[in-house]
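Work through the exercises below with the sequence and the model open. Try each task before reading its solution.

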Amino acid sequence: MNLPHPSTDQITLPNVLAALGDATRLAIIGCLARCDQSDGLVCGQLHGLTSKTNLTYHVAKLRDAGVVNVRQEGTKRRITLRRGDLDQRFPGFLDSVIVSAIDLPAVETTMRELGVETSCL
């Protein structure tokens, strides 16, 4: 099953800003920024941020806005930042968001639970 993602030129700043206007979604971005960018995270690794239902909702909002890529891997969904696409559309914007998001308390807690000690920026 392929999930719909906007193409690079369909990513708009109002949609990205709306998606990032939520603390849980910012925490998801912070967690993704602190992990290996090529691998991302599976949804189950982010359950410390919110309930499974809410996590699904928030990841869908980020995907619909073009902030993250979500791909099916068996029964799991792997989430990665669309850094290249966002940097192409809005140079430097994602870096500014990440600087604010990586130190959120929810990110620190989740990364500790995952055993990630340092930032991978």
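## Exercise 1: Contacts of a core residue

Val68 touches His5, Ile29, Leu32, Val59, Leu62, Arg63, Ile79, Thr80, Leu81 and Arg82, leaving out residues up to four places away in sequence. The model is a predicted one.

**Task.** Find which residues have the most contacts inside the largest nonpolar core, and which helix supplies the largest share of this core.

**Solution.**
1. Start with the core itself. The largest nonpolar core has 33 residues. Those with the most contacts inside it are Ile29, Val67, Val68 and Leu81.
2. Next, assign the core to elements. At least two core residues come from each of helix 1 (13-19), helix 2 (23-33), helix 3 (52-65), strand 2 (68-73), strand 3 (76-81), helix 5 (93-101) and helix 6 (105-114).
3. Pick out the main contributor. Helix 2 gives six residues, the largest share.
4. Place this in context. In soluble globular proteins, nonpolar side chains tend to be buried together.

## Exercise 2: A charged residue in helix 3

**Task.** Is Arg63 buried or exposed? What does Arg63 contact, and with which residue does its side chain form a salt bridge?

**Solution.**
1. Locate the residue. Arg63 lies in helix 3.
2. Apply the cut-off. Buried means under 20% relative accessible area. Arg63 has 11%, so it is buried.
3. List the contacts. Leaving aside neighbours within four places in sequence, Arg63 meets Leu3, Pro4, His5, Pro6, Val68 and Val70.
4. Find the partner. The side chains of Arg63 and Asp64 form a salt bridge, at 3.2 Å from N to O.
5. Check the partner's exposure. Asp64 is partly exposed, at 46% relative accessible area.

## Exercise 3: Other salt bridges

**Task.** How many salt bridges does a search of the whole structure find? Describe the Arg71 pair with Glu73 and the Arg83 pair with Asp95.

**Solution.**
1. Recall the principle. Side chains of opposite charge can pair when their charged atoms come close.
2. Take the total. The search finds six salt bridges.
3. Treat the Arg71 pair. Arg71 and Glu73 meet through their side chains, with an N to O distance of 3.2 Å. Arg71 is partly exposed at 35%, and Glu73 is partly exposed at 31%.
4. Extend the pair. Salt bridges link Arg71, Glu73 and Arg78 in a network.
5. Treat the Arg83 pair. The closest N and O atoms of Arg83 and Asp95 are 2.8 Å apart. The pair links distant parts of the chain: Arg83 is in helix 4 (residues 83-89) and Asp95 in helix 5, twelve residues apart.
6. Add exposure. Arg83 is partly exposed at 21%, as is Asp95 at 40%.

## Exercise 4: Packing around helix 2

**Task.** At what angles does helix 2 pack against helix 6 and cross helix 5? Which residues make the contacts?

**Solution.**
1. Set the terms. Two packed helices are described by the angle between their axes and the distance between the axes.
2. Take helix 6. Helix 2 and helix 6 pack at about 45°, with axes 9 Å apart. They are therefore oblique to each other. Their crossing is right-handed.
3. Name the residues. Ala27, Gly30 and Cys31 in helix 2 meet Ala106, Val107, Thr110 and Met111 in helix 6.
4. Take helix 5. The axes of helix 2 and helix 5 come within 9 Å and cross at roughly 100°. That makes the two helices roughly perpendicular.
5. Name these residues too. Leu26, Ile29, Gly30 and Ala33 of helix 2 contact Val97, Ile98 and Ala101 of helix 5.

Technical notes: Residues are numbered from 1 along each chain as its sequence is written. This is a predicted model: local features need pLDDT of at least 70, side-chain atom pairs count only at pLDDT 80 or more; totals for chains, interfaces and linings use all residues. Side-chain values use heavy atoms; hydrogens and water are left out. A nonpolar core is a set of buried Ala, Val, Leu, Ile, Met, Phe, Trp, Tyr and Cys residues joined through side-chain atoms within 4.5 Å. Buried means under 20% relative accessible area, exposed over 50%, partly exposed in between (1.4 Å probe, protein chains only). Helices (H or I, at least four residues) and strands (E, at least two) are DSSP runs, numbered from the N terminus. Contact means heavy atoms within 4.5 Å. A salt bridge is a side-chain nitrogen of Lys or Arg within 4 Å of a carboxyl oxygen of Asp or Glu. Axes are lines fitted to C-alpha atoms, for helices over the stretch in contact, and angles run from 0 to 180 degrees between N-to-C directions. Angles under 35 degrees count as roughly parallel, over 145 as roughly antiparallel, 65 to 115 as roughly perpendicular and the rest as oblique. A crossing is left-handed if the near helix is turned anticlockwise from the far one by less than a right angle, and right-handed if clockwise.
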